[in-house]
Amino acid sequence: MVPETISNVILQKMKAPAKADDVPEIRPEQLIDADGFLFGFPSRFGVMAAQFKAFFDATSELWERQALAGKPAGIFWSTGFHGGGQELTALTAVTQLAHHGMIFVPLGYTFGSGMFEMNEVKGGSSYGAGTYAADGSREPTELELQQAFHQGKYVAEIAKKLKNKPLSA
């Protein structure tokens, strides 16, 4: 998880859940060791949450060295409701990947018929997996979880292919 930027007092007033003790905070320099990424975050006002933007802002030394260039990356998110920025959140997050020279790996329509489901509420789009959190009480549906699992597998397969085919000098 990325570092929290909101004070505990405000978090309590927002009735935010307690931070999980078993999930460590990531530091920007740890990104170098990864072969690929799936970045997930909630949407705030149609864009990635400020905490995640602050994390990306802290990667400037990696950007200067282009240490993440060529690494595949996908995006997944949650929004409060249909008009909460499902696609806008993804589109604005792509700018972070582009500045680092990462390769954006969209979900596309690789999830097959699950992409066209109309009989239940389902988040996500061709940009990545998603869910609707409502007031924070809604859990992802089985279909949303299947889509997220599919995206993880898809990005991992691409990362593996890229790692096994280094560029020739």
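**Group meeting: around Phe39**

Okay, let's start at a turn: β1 and β2 make a hairpin with two residues between them, and Phe45 in that turn has a positive phi of about 55 degrees. Keep in mind that this is a predicted model. The two strands of the hairpin run antiparallel and are joined by two bridges. If you want a spot to click on, Arg44 stands opposite Val47 in β2.

Now the other partner of β1. Six bridges join β1 to β3, and here the strands run parallel. For instance, Leu38 has Gly74 of β3 as its bridge partner.

Next, the core. Which residues touch the most other members of the largest nonpolar core? Those are Phe39 and Met102, out of 18 residues in that core. As for where the core comes from, at least two residues each are supplied by β1 (37–44), α2 (50–57), β3 (72–79) and α4 (86–100). That's in keeping with a general habit: in soluble globular proteins, nonpolar side chains tend to be buried together.

So what is Phe39 in contact with, once we leave aside its neighbours within four places in sequence? The list goes Leu31, Phe52, Phe56, then the run Ala73, Gly74, Ile75 and Phe76, and finally Leu97 and Met102. Met102 is the one that came up a moment ago alongside Phe39.

On to the rings, for those of you who like geometry. The count comes to eight aromatic pairs. One is Phe39 with Phe52, edge-to-face, with 5.8 Å centre to centre and 70 degrees between the planes. This pair links distant parts of the chain, since Phe39 sits in strand β1 and Phe52 in helix α2, 13 residues apart. Buried or exposed, these two, Phe39 and Phe52? Both are buried.

Phe39 has another ring partner, Phe56. That pair is edge-to-face as well, at 5.2 Å centre to centre and 65 degrees between the planes. Because Phe39 lies in strand β1 and Phe56 in helix α2, the pair ties together parts that are 17 residues apart in sequence. Phe39 and Phe56 are both buried, too.

Zooming out a bit, there is one aromatic cluster made of Phe37, Phe39, Phe41, Phe52, Phe55 and Phe56.

So if you open the model and want one residue to centre on, try Phe39: it forms edge-to-face pairs with Phe52 and Phe56, and also belongs to that aromatic cluster. That's my bit, over to you.

Methods: Residues are numbered from 1 along each chain as its sequence is written. This is a predicted model: local features need pLDDT of at least 70, side-chain atom pairs count only at pLDDT 80 or more; totals for chains, interfaces and linings use all residues. Side-chain values use heavy atoms; hydrogens and water are left out. A nonpolar core is a set of buried Ala, Val, Leu, Ile, Met, Phe, Trp, Tyr and Cys residues joined through side-chain atoms within 4.5 Å. Buried means under 20% relative accessible area, exposed over 50%, partly exposed in between (1.4 Å probe, protein chains only). Helices (H or I, at least four residues) and strands (E, at least two) are DSSP runs, numbered from the N terminus. Contact means heavy atoms within 4.5 Å. Two strands pair if DSSP finds at least two bridges between them. Rings of Phe, Tyr and Trp (its six-membered ring) pair if their centres lie within 6.5 Å; planes under 30 degrees apart count as stacked, over 60 as edge-to-face and the rest as tilted.
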